[in-house]
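Here is a short set of exercises with worked solutions. Have a look at the model first, then try each task before reading on.

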Amino acid sequence: MRIANLHRRLVLLVEGGAVDVQHASMGRFSADPQAVYEDWAAFREWAASAELPKGTPFPATALGAPVPTPRQVFAVGLNYRDHAAESGLPVPEGLPPVFTKFVTSITGPVTDVVLPSGGHTDWETELVVVIGARCRNVTETEAWDHIAGVMVGQDISERISQLAGPVPQFSLGKSLPGFTPTGPWLVTPDEFDNPGDLGIWAILNGERVQQARTSDMIFSVPTLIARLSARLPLLPGDLLFTGTPAGVGLGREPQRWLAPGDELVSHIEGIGELYQHFVSC
């Protein structure tokens, strides 16, 4: 199953395009794309048996963030060995670095992103997990049962403010307006032969700058869910950015930063693509 945020309304994606959930369910489920995660099990049951009309075509530019207002956004650092190596940092043990991206930075899949003046803005393509049921002390075996689905995410990062001392400001440097594109839609885990092994890559101005598989993660999705939920609850509709592979601008020689006019495509196998165009402030 695939769901999306189309013109700020929850839709199911079916043959031919999109079906409005509120209309198709006769009001059983809200048009609010965020609200569905609080009633995820019932929604899945309804969607599995509902007789739906043929979908209506739509442009990708009409899509918003599939999860527009999560209560919590967790982001994981150094979760690929090659990215840890290019960052000059040791491979983490126990639990990788965890920070947040503020909700006001979340956008949909096709956007113009304003680059901050004087900054060093970088790209980080990531698999994003959406929580579908409250997680507290969930085991790795149980983890996928608590996940609503997955989507593509970009953890756009302004490195100067992110790394400025005396204490680095990860969350601020990664949460400027438009710095958290997500989408293009949410795909449920049952759509994949193996949701833990998906190709992931980024293309900048026609050049492939990142390429890996999510099975290359140091800490798998179930491990992240288990270790985070052992410390605090993960709530329905929360987001988990699972880390980026090597190929970011920070780790290059010479270092490379996003510039006005750049076009970035972020892709995950079986999910889809994000498209970001960067402009000056």
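**Exercise 1: two domains**

The centres of domain 1 and domain 2 lie 26 Å apart, taken over C-alpha atoms. This is a predicted model, where local features need pLDDT of at least 70, side-chain atom pairs count only at pLDDT 80 or more, and totals for chains, interfaces and linings use all residues. Residues are numbered from 1 along each chain as its sequence is written, and side-chain values use heavy atoms, with hydrogens and water left out.

Task: find the bounds of domain 1 and domain 2, and state how many residues of each are in contact.

Solution. Start with the bounds, which come from an automatic or database domain assignment: domain 1 covers 2–58 and domain 2 covers 65–280. Next, apply the contact cut-off, heavy atoms within 4.5 Å. Twelve residues of domain 1 then touch 22 residues of domain 2.

**Exercise 2: overall form**

Task: compare the radius of gyration of the chain with that of a compact globule.

Solution. First take the globule rule, 2.2 Å times the number of residues to the power 0.38, with the radius taken over C-alpha atoms. For 281 residues a value near 19 Å is expected, and the chain has 18 Å, so the two agree. Then add the box: along the principal axes, the C-alpha atoms fill roughly 55 × 40 × 30 Å.

**Exercise 3: burial and contacts**

Task: work out what share of the residues is buried.

Solution. Use the cut-off for buried, under 20% relative accessible area with a 1.4 Å probe, protein chains only. Buried residues are 54% of the 281. As a last step, turn to contacts between residues at least 6 apart in sequence: 75% of them join residues at least 24 apart.

Notes:
Buried < 20%, exposed > 50% of the residue type's maximum accessible area, 1.4 Å probe, protein only.
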